[in-house]
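Fancy a few warm-up exercises on a protein model? Have a look at the picture, try each task yourself, and then check the worked solution below it.

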Amino acid sequence: MVFYVIAAQRGKGDENDSKRIAEDALRNSGRPLGTVYPVKVDKSKFKIGTLDQLMELNETLVKVDSTLDSTCKKMEKIARETATNDTFVEVPDKGKVNPFEYVKTFQWENRKYTQGKSLLEIAASINDRMKMIDNDIKKIQDELTEARNNHAQLVKKDGNNFLTQDISGAIYGSAKNIDPRKYFVETIGSEMFATVIVVVHKLHIQKFKSLYEKVLPWSTEGNFGAVPRSDVSLGIEDNDGNQLWRIVVIKDKLQEYLTEGRKQGLVLRPFVYDAEGYKKEIQQITELENKANLLKTQLAQKSLYAFSELLIALLHLKVLRAFIDGVLRFGIPPQFFIGIVEANKGCEKGVLASLNEKFDDKTLAGMYGNSGKDDGAGDIGHDDFFSFVSIPLTSPLGI
């Protein structure tokens, strides 16, 4: 589907005449080119202002339109990715309606965008609402990203066995069978030694026992790396036969031992036993998971309403642009027709050409036509000039 918000008038004809001409233009073919939906708005209530104000505002609103359109698309994309419900538009006295039905049955909401204000004030209200909604959603997204990042930092490395996964869960999960003071030197206040866990396959235990003491050979000064005969099995084995063994290493030699031991094929994990710290970490992980889930739910709910509010704002902005452009094109009092045209599939160019022909002012015929620049809306570009005002509508995303 392709939609255009149009403002059109031929000669001195009134709004109803222009509506009939637009409808005839879309029927003037072997098959219908599209459908015209009149916009319900009392143009006489707008405070038009001066010609200079209109021209300046018209240029400004083109930029606001572009930003609002992209923001509306962004909210719809977020809603589709996070929410389980379909997008909707919340309409007074009607409730939730399908976005396309809202476009087709659009009427100006005076309670939301009061026509008693100046056109500049209405435009500013639309722009401010867009910024507020975008900032609200961005805040939730930032909080969600922060919660996920913090969670990722705390969550231990996962894997199929001890060779690739974090071993903390296995050790603390077996706490009932392990006396910390027997296996982990830091629990007895040692400042000279450090605990190192070695992942050893059950078929390579003897090789490990003969190797770990020799990783850093004894020096003539009596320095060494691993404490001799400090190897003890923790009695923990994964499904692939990998076991966890504890050795004790001189703390001052720890980094050197880890580097050299890994070069010699040992799978070494320095480990500081802290059961209370582990419990707090698990609690933090749970809290961050709950926070992330809550924020994701909030994002889903708020993005649906954000899309609704932004599509409402976008339609009002486009109608406002059509009105301003119509006044600049056709003059005052504003007797031109404002409507939303839905082009049938494959008929986009035909719709524009037929409307252009029907509303053709012969005195300006040489000025009409397509610039050749495509902005993705039925080959109509921003530099095109037609016998009617045409503003593409590309939101919702399904259009």
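What follows is a set of exercises on this predicted model, each with its solution.

**Exercise 1. Find out where Ala292 sits, whether Ala292 is buried or exposed, and what Ala292 is in contact with.**

Step 1: Look along helix H9, which covers residues 275–330; that's the home of Ala292.
Step 2: Check the relative accessible area of Ala292, which comes to 13%. Buried means under 20%, so Ala292 counts as buried.
Step 3: Skip the neighbours within four places in sequence, and you'll find Ala292 in contact with Leu144 and Ala147.
Step 4: For a sense of distance, try Lys40: Lys40 and Ala292 are 252 residues apart in sequence, and 43 Å separate them in space, C-alpha to C-alpha.

**Exercise 2. Work out which residues of the largest nonpolar core touch the most other members, and which element gives the most to this core.**

Step 1: Start with the 59 residues of this core; Tyr102, Trp108, Leu320 and Phe323 are the ones that touch the most other members.
Step 2: Now go through the elements that each supply at least two residues, including strand E1 (2–8), helix H2 (51–82), helix H4 (119–154) and H9.
Step 3: Pick the top contributor: H9 gives the most, with 18 residues.
Step 4: Zoom in on Leu320. Leaving aside neighbours within four places in sequence, Leu320 is in contact with Phe46, Leu61, Trp108, Leu119, Ile122 and Ala123.
Step 5: Don't miss the other core, which lies apart from the largest one and has 20 residues, among them Tyr4, Ile21, Ala25 and Val351.

**Exercise 3. Put the strands of the open sheet that contains E9 in order, and say which helices lie across its strands.**

Step 1: Read off the order of the 4 strands, E2-E9-E1-E10, with antiparallel pairing.
Step 2: Spot the edges: strand E2 (34–38) and E10 each pair on one side only.
Step 3: Take the twist, which averages 25 degrees from one strand to the next.
Step 4: Follow E2 and E9, an antiparallel pair with 5 bridges; here Gly34 stands opposite Ala343 in E9.
Step 5: Add the helices. Helix H1 (residues 15–27) lies across E1, E2 and E9, at about 165 degrees to E2. H9 lies across E1, E9 and E10, at about 165 degrees to E10.

**Exercise 4. Do likewise for the open sheet that contains E7.**

Step 1: This one has 4 strands in the order E6-E7-E5-E8, and the pairing is antiparallel.
Step 2: Its edge strands are E6 (232–237) and E8 (267–270), each pairing on one side only.
Step 3: From one strand to the next, the twist averages 30 degrees.
Step 4: E6 pairs with strand E7 (residues 242–250) over 3 bridges, and Val232 has Arg246 in E7 as bridge partner.
Step 5: Helix H8 (residues 254–263) lies across strand E5 (193–201), E7 and E8, running at about 160 degrees to E8.

**Exercise 5. Decide how H2 and H4 run relative to each other.**

Step 1: Their axes come within 10 Å and cross at roughly 25 degrees.
Step 2: Angles under 35 degrees count as roughly parallel, so H2 and H4 are roughly parallel to each other.
Step 3: Name the hand: H2 passes H4 in a left-handed crossing.
Step 4: Find the residues that make the contact, among them Leu54, Leu61 and Ile78 of H2 and Leu119, Ala123 and Gln141 of H4.

Terms used: Residues numbered from 1 in each chain as written. Predicted model: local features only at pLDDT ≥ 70, side-chain atom pairs only at ≥ 80, totals over all residues. Heavy atoms only, no water. Buried < 20%, exposed > 50% of the residue type's maximum accessible area, 1.4 Å probe, protein only. Contact = heavy atoms within 4.5 Å. Core = buried A, V, L, I, M, F, W, Y, C linked by side-chain atoms within 4.5 Å. Pairing = 2+ DSSP bridges. Axes fitted to C-alpha atoms, helices over the stretch in contact; angles between N-to-C directions. Parallel < 35°, antiparallel > 145°, perpendicular 65-115°, else oblique. Left-handed = near helix turned anticlockwise from the far one by under 90°.
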